[in-house]
Amino acid sequence: YGLVGSEMCIRDRYSTEDRPKLVFSVKGTAGAFTFSPDNIQVFVDGNPHRVFTYDELVADIKAQMKKDKEKAEKVKEAQYMSGGSGGGMGTNSANQQYKTTLTRIEQEAADAIKELTANALKNKRVSPGEEYSGQVTIEKIPNPELTHEIKVIVTVNKETHEFLLNQVAV
């Protein structure tokens, strides 16, 4: 799409089970401007829809990691409790399984943050001629089995642009 002060394109990719990810690309053609998720509004069937910032997504990953660690702790405690009855796992084995599980949880969170850092749209000053791309995550689309109209409004360099996407039920 050609714009007076910039060039932009958008593409979407997601499973209906996940939060949709929209990929934005801009190219500065006039003066420098700042571009971030704050420049993006999403509406699903006319209703405002949440656009996540990088910091919110990192916080979600860390919160999920905390929940997963708490769950692993409860499993370890249950294994200790059943260990004394003869049919359960020994203390050393339960400890090793717990440590392995914690390592896996921490690695998955680190990998998710690394992927997010590499791909997420962040607050960026775009200079004339510079290209910048990033992925924006929005809240899950309600009732994914239904067809939805998704309107994306992007403000770039004081220009507003609308994109209409249709999620078609298959």
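Begin by selecting β8 (148-156) and β9 (159-167); in this predicted model, the two strands run antiparallel and are joined by 9 bridges. Within this pairing, select Ile153, which stands opposite Glu162 in β9.

Next, widen the selection to the sheet around this pair. Four strands form an open sheet, in the order β5-β4-β8-β9, with antiparallel pairing. Its edge strands are β5 (47-49) and β9, each of which pairs on one side only. From one strand to the next, the twist averages 30°.

Now select β2 (21-28) and β7 (131-137). These strands also run antiparallel, and 7 bridges join them. Phe24 stands opposite Gly134 in β7. Is β2 enclosed or open? Of its 8 residues, 6 are buried, so the strand is largely enclosed by the rest of the structure.

Keep Phe24 selected and proceed to the nonpolar interior. The largest nonpolar core has 21 residues, and Phe24, Phe35, Ile40, Val42, Val152 and Val154 have the most contacts inside it. At least two residues of this core come from each of β2, β3 (33-35), β4 (40-44), β7, β8 and β9. The largest share, 4 residues, is supplied by β8. Another core, of 7 residues, lies apart from the largest one; Leu57, Ala109, Leu116 and Ala120 are among its members. In soluble globular proteins, nonpolar side chains tend to be buried together.

For a contrast with the interior, select Asp38, in the loop between β3 and β4. Asp38 is exposed, with a relative accessible area of 68%. Then add Thr53: the C-alpha atoms of Asp38 and Thr53 are separated by 8.0 Å, and the two residues are 15 apart along the chain.

Turn next to the charged side chains. How many salt bridges does the structure hold? There are 8 salt bridges. Select Arg19 and Glu139, whose side chains meet in one of them, at 3.9 Å from N to O. This pair links distant parts of the chain, 120 residues apart: Arg19 lies in the loop between β1 (6-13) and β2, and Glu139 in the loop between β7 and β8. Both residues are partly exposed, with relative accessible areas of 25% for Arg19 and 27% for Glu139. Add Asp60 to the selection, and a network of salt bridges linking Arg19, Asp60 and Glu139 is in view.

A further salt bridge is found by selecting Glu56 and Arg50, whose side chains meet at 3.2 Å, N to O. Glu56 is partly exposed at 28% relative accessible area, and Arg50 is likewise partly exposed at 42%.

Move now to helix α1 (residues 54-83) and select Lys76 and Glu73, which are 3 residues apart and therefore separated by about one helical turn. They form a salt bridge, with the closest N and O atoms 3.6 Å apart. Lys76 is buried, with a relative accessible area of 13%, whereas Glu73 counts as partly exposed at 25%.

With Lys76 still selected, add Tyr98. The charged end of Lys76 sits over the ring of Tyr98, 4.2 Å from the ring centre. A further arrangement of this kind involves Lys122, which lies over the face of Tyr54 at 5.4 Å from the ring centre. How many aromatic pairs does the structure hold? The number is 0.

Note on methods. Residues numbered from 1 in each chain as written. Predicted model: local features only at pLDDT ≥ 70, side-chain atom pairs only at ≥ 80, totals over all residues. Heavy atoms only, no water. Core = buried A, V, L, I, M, F, W, Y, C linked by side-chain atoms within 4.5 Å. Buried < 20%, exposed > 50% of the residue type's maximum accessible area, 1.4 Å probe, protein only. Pairing = 2+ DSSP bridges. Axes fitted to C-alpha atoms, helices over the stretch in contact; angles between N-to-C directions. Phe/Tyr/Trp six-rings, centres within 6.5 Å; stacked < 30°, edge-to-face > 60°. Lys NZ or Arg CZ within 6 Å of the ring centre and 35° of its normal. Salt bridge = Lys/Arg side-chain N within 4 Å of Asp/Glu carboxyl O.
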